[in-house]
Amino acid sequence: MKNKAVDIYFFSGTGNTYLAAEKIAQKLQSGGCQTNLFPIEKSDPLKVDLTKTIGIGFTVACWNTYPLVRKFIKSLPKTNGTEAFVFCTMGDSSFKTQAEYARILKEKGYCLIGSKAFRMPNNFIAIQDEEKNKIRISLALPKIECFAEDILDGKAETEKTGVISKICFKISCFITGLWETSLSQKMINLRIKKDLCVKCGFCVKICPTGNIALQDYPVFKDKCQVCLRCSSYCFQKAINSFAVLSAKRYRALDKENAKNVFC
Ligand SMILES: Cc1cc2nc3c(=O)[nH]c(=O)nc-3n(C[C@H](O)[C@H](O)[C@H](O)COP(=O)(O)O)c2cc1C
């Protein structure tokens, strides 16, 4: 990496990608870089500082990512050789979506210095096993550290895309794009368990799209991206959706950290 000033833009629904972004930032800092972390949902793509190296990190969703992340990446300005790296966290398979987004950046004139997906706990529907999740994180963090080290040394891989990953990317862009339609919003079926809700308003503060308003109880609008942040970090377990089948929720951060990162 030639440029030692790095801005990392990340989106994290339940905390995994934040842990990855934080680990990369720490490693780059210890390698002499000045590094900042910015949540994508609070960042304007047109104000990205192209004189710095740019890192982009996101959650894999439906072999792609959330529409808000895609819009951010697609809206980044064209440039002439700004260094960039892309990483994502997934439950099991990303179908190389990170390489597809890296390709989009390359087409905009960014100089790709690495792309990689990291396997973390699956936050979607699965009945969570805390021990297994801890193991997954402890296996992922050293790999993430290695990736950052390779970025520093200019040795990180930039994965190739192929015909299959391109087709899969197009299909998954279409499917995740449908999430913003009113029919999908109905199917997501967010609902409040009034007997558990204490009207604390935490869900309102942490929702990345401003989809929740506190009236008598929280009410949901039609901008849900299925990141699961509200249901995972409702410590009362008062929010359900089609994606929350069990009483267990996945969260990578404790309450204090969640406040600092998401609010
Ligand atoms: C709606 C949704 C769709 C998902 N789709 C995939 C997928 O296609 N492939 C995969 O490996 N993991 C998938 N996952 C799991 C997440 O990518 C994984 O748990 C990720 O590390 C969560 O990161 P975060 O905590 O930063 O949001 C999905 C999760 C959600 C909520």
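## A first look at this predicted model

Q: Buried or exposed: which word fits Phe-95?
A: Phe-95 has 20 other C-beta atoms within 10 Å, in what is a predicted model. The cut-off here is 20 or more such atoms, so Phe-95 counts as buried.

Q: Where is Phe-95 found, and what is its phi near?
A: Look in the loop between S4 and H3 for Phe-95. Most residues other than glycine have a negative phi. Phe-95 isn't a glycine, yet its phi is positive, near 50 degrees.

Q: Lys-237 also has a positive phi; how covered is Lys-237?
A: You'll find Lys-237 in the loop between helix H8 (229-232) and strand S9 (239-240), with a phi near 55 degrees. Around Lys-237 there are 15 other C-beta atoms within 10 Å. Buried needs 20 or more and exposed needs 12 or fewer, so Lys-237 comes out as partly exposed.

Q: In what order do the 5 strands of the open sheet stand?
A: The pairing in this open sheet is parallel. Neighbouring strands are turned against each other by 15 degrees on average, direction ignored. Going across, the order is S2-S1-S3-S4-S5.

Q: Which strands stand at the edges of that sheet?
A: An edge strand here has a single partner strand, so one side of the edge strand is left without a neighbour in the sheet. That describes strand S2 (34-39) and strand S5 (111-119).

Q: How many bridges join S3 and S4?
A: Strand S3 covers residues 53-59 and strand S4 residues 83-90, and they pair in the parallel sense. Thr-59 has Thr-89 of S4 as its bridge partner, and Gly-57 stands opposite Phe-87 in S4. The pairing of S3 with S4 runs over 6 bridges.

Q: Which residues of S4 point the other way from Glu-83, Phe-85, Phe-87 and Thr-89?
A: In a regular strand the side chains alternate between the two faces of the sheet. Both sets in S4 are buried, which fits the count of 8 buried residues out of 8. Pointing the other way are Ala-84, Val-86, Cys-88 and Met-90.

Q: How many of the 15 residues of H1 are buried?
A: Helix H1 takes in residues 16-30 and reaches 21 Å from its first C-alpha to its last, close to the 21 Å expected. Among its buried residues are Tyr-18, Leu-19, Ala-20, Ile-24 and Leu-28, along with Glu-22 and Lys-27. H1 is mostly covered, and the buried count is 11.

Q: About what angle does the direction of H1 make with that of S1?
A: H1 packs on the sheet and touches strand S1 (5-10), S2, S3, S4 and S5. Its direction and that of S1 make an angle of about 175 degrees.

Q: Which strands does H4 touch?
A: Helix H4 (residues 130-153) packs on the sheet too, and its direction makes about 170 degrees with that of S5. The strands H4 touches are S4 and S5.

Q: Leaving aside neighbours within four places in sequence, which residues is Ala-20 in contact with?
A: Ala-20 is found in helix H1 and is buried, with 31 other C-beta atoms within 10 Å. Ala-20 and Met-120 are 100 residues apart in sequence, but their C-alpha atoms are 9.4 Å apart in space. The contacts of Ala-20 are Gly-57, Phe-87, Thr-89, Phe-118 and Ile-144.

Q: How far apart in space are Tyr-66 and Gly-177?
A: Tyr-66 is in the loop between S3 and helix H2 (67-75), and counts as buried with 26 C-beta neighbours inside 10 Å. Residues touching Tyr-66 include Phe-11, Thr-59, Thr-176 and Cys-227. Though 111 residues separate Tyr-66 from Gly-177 in sequence, the C-alpha to C-alpha distance is 8.3 Å.

Q: How do helices H3 and H5 lie to each other?
A: The axes of H3 (residues 97-107) and H5 (residues 163-178) come within 10 Å and cross at roughly 90 degrees. Angles of 65 to 115 degrees count as roughly perpendicular, so H3 and H5 are roughly perpendicular.

Q: How do the residues of the contact of H3 with H5 divide?
A: H3 brings Thr-97, Ala-99 and Glu-100, while H5 brings Ser-165, Lys-166, Phe-169 and Ser-172. They divide into 2 nonpolar, 3 polar and 2 charged.

Definitions and conventions:
Residues are numbered from 1 along each chain as its sequence is written. This is a predicted model: local features need pLDDT of at least 70, side-chain atom pairs count only at pLDDT 80 or more; totals for chains, interfaces and linings use all residues. Helices (H or I, at least four residues) and strands (E, at least two) are DSSP runs, numbered from the N terminus. The expected span of a helix is 1.5 Å times one less than its number of residues. Two strands pair if DSSP finds at least two bridges between them. Axes are lines fitted to C-alpha atoms, for helices over the stretch in contact, and angles run from 0 to 180 degrees between N-to-C directions. Two residues are in contact if their C-beta atoms, placed from the backbone, lie within 7 Å. Angles under 35 degrees count as roughly parallel, over 145 as roughly antiparallel, 65 to 115 as roughly perpendicular and the rest as oblique. Ala, Val, Leu, Ile, Met, Phe, Trp, Tyr, Cys and Pro count as nonpolar, Asp, Glu, Lys and Arg as charged, and the others, Gly among them, as polar.
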